[in-house]
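Please look over the model below before reading on. My notes follow as numbered points.

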Amino acid sequence: SSDLGRTLTVTCSFGNAGVLPFIFADALFRDNAALLQRALSYVSLFSVGWSPFFWSFGKKILVGDTDNSNSSSSGSSWKKQLSVFLPPPVMGVAIGLF
């Protein structure tokens, strides 16, 4: 629950999940173009899901619980939750997919 603990959790959970799978796929399948193409396609799909997960849940883990119990409006509560799970990078990925 400390700042250092949250930082450690995020860095261990999301550390090299962005670029490392591409490096592994290239190292494992560089001799077979068809397998490399398929592996890179799967890794790309993984990255499309990983990025929103990182920017929503990873940010929430890193920032911690900043929920103030003073908000009495349920309208502001759902907007706050929506902004937590749909930050600008997640919206960018969603718009980029369509």
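1. S47 is buried, with a relative accessible area of 17%. The cut-off for buried is under 20%, so S47 falls on the buried side. This is a predicted model, and the value is computed from it. S47 sits in helix α3. Neighbours within four places in sequence aside, S47 is in contact with G18 and F22.

2. Which other residues of α3 are buried? The list for the helix reads L36, A39, V43, S47, S51, P52, S56 and G58. Two of these, L36 and V43, return below as contacts of A25. A39 gets its own point.

3. Now the helix itself. Helix α3 covers residues 33-63, which is 31 residues. From first C-alpha to last, α3 reaches 42 Å. The expected value, at 1.5 Å a residue, is 45 Å, and the span is close to that. The helix has a kink, however: about 35°, centred on F54. Please inspect F54 in the viewer with that angle in mind.

4. What happens at the ends of α3? At the N-terminal end, N32 acts as the cap. A side-chain oxygen of N32 lies 3.3 Å from the backbone nitrogen of A34. Just after the helix, G64 takes a positive phi of about 90°.

5. A39 is another α3 residue. Is A39 buried or exposed? It counts as buried, because its relative accessibility is 12% and the limit is 20%. Leaving out neighbours within four places in sequence, A39 is in contact with A25 and F29. The C-alpha atoms of A39 and F22 are 8.4 Å apart, with their positions 17 residues apart along the chain. F22 has already appeared as a contact of S47.

6. A25 lies in helix α2. At 5% relative accessibility, A25 counts as buried. Which residues does A25 touch, not counting those up to four places away in sequence? They are R30, L36, A39, L40 and V43. A C-alpha separation to check here is A25 to Q37: 9.2 Å, for residues 12 apart along the chain.

7. F29 also has its place in helix α2, which runs over residues 20-29. With a relative accessible area of 28%, F29 is partly exposed. F29 is in contact with L35, L36 and A39, again leaving aside neighbours within four places in sequence. The C-alpha atoms of F29 and A39 are separated by 7.9 Å. Along the chain these two are 10 residues apart. L36 and A39 are contacts of A25 as well.

8. How many salt bridges does a search of the whole structure find? The count is 1. The side chains of D26 and R30 form it, at 3.3 Å from N to O. Side chains of opposite charge can pair when their charged atoms come close. D26 is partly exposed, with a relative accessible area of 33%. R30 counts as exposed, at 52%. The cut-off for exposed is over 50%, so R30 passes it. R30 is also among the residues that A25 touches.

9. V48 is in helix α3. V48 is partly exposed, with a relative accessible area of 33%. Not counting residues up to four places away in sequence, V48 touches V93 and L97. V48 and G96 are 48 residues apart in sequence. In space their C-alpha atoms are 10.0 Å apart.

10. Finally, the chain as a whole. Its secondary structure comes to 5 helices and 0 strands. Read along the sequence, the pattern is α-α-α-α-α. The chain has 98 residues, and buried residues make up 16% of them. What share of the contacts between residues at least 6 apart in sequence joins residues at least 24 apart? The figure is 69%. The exposed area of the chain is about 7300 Å². Carbon and sulfur atoms supply 65% of that area.

How values were computed:
Residues are numbered from 1 along each chain as its sequence is written. This is a predicted model: local features need pLDDT of at least 70, side-chain atom pairs count only at pLDDT 80 or more; totals for chains, interfaces and linings use all residues. Side-chain values use heavy atoms; hydrogens and water are left out. Helices (H or I, at least four residues) and strands (E, at least two) are DSSP runs, numbered from the N terminus. The expected span of a helix is 1.5 Å times one less than its number of residues. The bend at a residue is the angle between axes fitted to the seven residues ending there and the seven starting there. Buried means under 20% relative accessible area, exposed over 50%, partly exposed in between (1.4 Å probe, protein chains only). A polar contact is a pair of N or O atoms within 3.5 Å; within protein, one must be able to donate a hydrogen and the other to accept it, and residues adjacent in sequence count only if both atoms are side-chain atoms. Contact means heavy atoms within 4.5 Å. Accessible areas come from the Shrake-Rupley method with a 1.4 Å probe; for residues, only the protein chains shown count as cover. A salt bridge is a side-chain nitrogen of Lys or Arg within 4 Å of a carboxyl oxygen of Asp or Glu.
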